[in-house]
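Morning, everyone. I have one structure for you today. Take a look at it first, then we'll walk through it.

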Amino acid sequence: MTYSPVIGLEVHVELKTLSKMFCGCPADHFGKKPNTQTCPVCLGLPGALPVPNKKAIDWTLLIGLALDCQVNHHSKFDRKHYFYPDLPKGYQISQYDEPLCVNGHLTLSTSEESKATSEVTHSGSSDGENRVRINRVHLEEDTGKLIHAEVDGEKVSLVDFNRSGVPLVEIVTEADIHGSAAAKEFVKKIHQLIRDLGVSDCDMEKGSMRLEANISLSKDGTLPPYKVEVKNLNSFRFLGRAIDYEIARQKELLTRGQTPPQETRGWSEAKNQTFAQRSKEVAQRSKEEAQDYRYFPEPDIPPLVFSKEQIDAIRAKLPELPQMKAARFAKAYGLKPSVVTILTKTQASAAFFEAAVKEGQKVSLPPTVIANAMVNQRQAFKNPEDLVRHLQTQTQEKVSDKITLRQFIDQVITAHTQAVSDFKAQKPQAIGFLIGQIQRLSHGKADGKLVHQLLLERLESSR
Ligand SMILES: [Zn+2]
């Protein structure tokens, strides 16, 4: 009997808009004095009317488009009812059946893990690609925060409403993930993507990115009859460990002929294991989650209607996305996938590389040499110029003996007769190409100035 993991993820991201989702209070709540950033709207006082934040809507569409989603031309907000002290209105304004964005995807590198299980449960992929389908991207308001403290020797629960009403985007995947490595890769890619879009800082320690995983095991490829939800995972590492722990735990139960109960579990960092959440509040909350939230359309906010032109205008704001950038780097600079992955890890490192390539062109340093220097970086470089200068110094130290350089020149001239003819036909750009080839042979260690001089001598003499 084979068991294969079936995992879906929910990623919550707080947008870094200036104001909250439905009122003018500041959205930046972290570390602020409790209940200093509130108003009748986010305190849920009777009669207060919500006004949607346009920027938050635009940014949610931007995230959806970056994940190749369709934008719903018609969307709306709904009330999701449940009772909990952090929710002043008794309902959360969220989106139910008409979310802003649907049906997207994100492609992962095919991991061994996913290959192993692909025959059984791989549903969303094609051509060996590991494609995770995005079910929806919707917008809602964040809740307040409970603080458990001791006041005058008594244990109390306090509520801070500074976070109440902060715009919160929820990204929900289909259950297309089949192991902890793929799950971690997925959330890392989402993290990078959203940071590149500049719409959230995705700081997990501050709670501006929060992860939940739905984990079950499929027996012989059949649909699992249960689902275990693990909440409050606040790092990539904990997500991975929680998944591995759940896979082992559920496998053991299934092997004994039992079906793991459908439940919500938490993660204990100290014990390095998941645990059933049994506190009174959570029990009450999960009971209500299992039942109906009594969703109905938010009567105080008109439906949202987007024209094709409006959606195109937002699409036009998409920056070059990590996957597009990686493909361009591989092609334009002739780099290996492993090198591209490192260089495009952050927008900053990609930009650093491209600036260094530009700087390096002036002294005939090929991009591959710059890439290698960045990947094997043993020292910090202040800026791209600093890196290029360092490589040049190395160059001067290494290969500036004329015999070696003349050997490189001979090899290149023999191999590239067309460029040599071009040079003789008064096409000066041919010399740049030949120098590039010599640098490639010398792994960028040839003295650029000397190569130029020797190459000219050599070409002139054979004219
Ligand atoms: Zn407010």
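Let's start with a question: which strands does helix α4 lie across? Helix α4 covers residues 236-255. It lies across β1 (3-14), β11 (209-219), β12 (228-233), β13 (263-268) and β14. Against β11, helix α4 runs at about 25°.

Before going on, a word on what you are looking at. This is a predicted model. The average pLDDT of the protein chain is 88. At least 70 is reached by 91% of the residues. One stretch needs care: residues 112-127 have a pLDDT below 50. In the model, that stretch still has 30 contacts beyond near neighbours in sequence. Where pLDDT is low, predicted coordinates should not be read in detail. Keep that in mind when you zoom in.

Now the overall layout. The chain is divided into two domains: domain 1 spans 3-315, and domain 2 spans 322-461. How far apart do the C-alpha centres of domain 1 and domain 2 lie? They are 46 Å apart.

Next, the sheets. One is an open sheet of 9 strands, with mixed pairing. Read the order with me: β2-β6-β7-β10-β1-β11-β12-β13-β14. At the edges sit β2 (70-71) and β14 (273-276), each pairing on one side only. So that you can find your way inside the sheet, pick out β7, residues 130-141, and β10, residues 167-173. These two strands run antiparallel and are joined by 7 bridges. Within this pair, glutamate 141 stands opposite proline 167 of β10.

There is also an open sheet of 3 strands, ordered β5-β4-β15, with antiparallel pairing. Here β5 (91-94) and β15 (296-297) are the edge strands; each has a single partner, so one side of each is left without a neighbour in the sheet. Strand β4, residues 78-81, pairs with β15 over 2 bridges, in the antiparallel sense. Look for aspartate 78: it stands opposite proline 297 in β15.

Last stop: a pair of helices. Helix α1 is residues 54-66, and helix α6 is residues 308-315. Their axes come within 9 Å and cross at roughly 75°. The two helices are therefore roughly perpendicular to each other. Which residues make the contact? From α1, they are Asp58, Leu61, Leu62 and Leu65. From α6, they are Ile311, Ile314 and Arg315. Sorted by type, the contact has 5 nonpolar residues, no polar ones and 2 charged.

That's the tour. Over to you.

Methods: Residues numbered from 1 in each chain as written. Predicted model: local features only at pLDDT ≥ 70, side-chain atom pairs only at ≥ 80, totals over all residues. Domains from an automatic or database assignment. pLDDT = per-residue confidence, 0-100. Contact = placed C-beta atoms within 7 Å. Axes fitted to C-alpha atoms, helices over the stretch in contact; angles between N-to-C directions. Helix = DSSP H or I, 4+ residues; strand = E, 2+ residues; numbered from the N terminus. Parallel < 35°, antiparallel > 145°, perpendicular 65-115°, else oblique. Nonpolar A, V, L, I, M, F, W, Y, C, P; charged D, E, K, R; others polar. Pairing = 2+ DSSP bridges.
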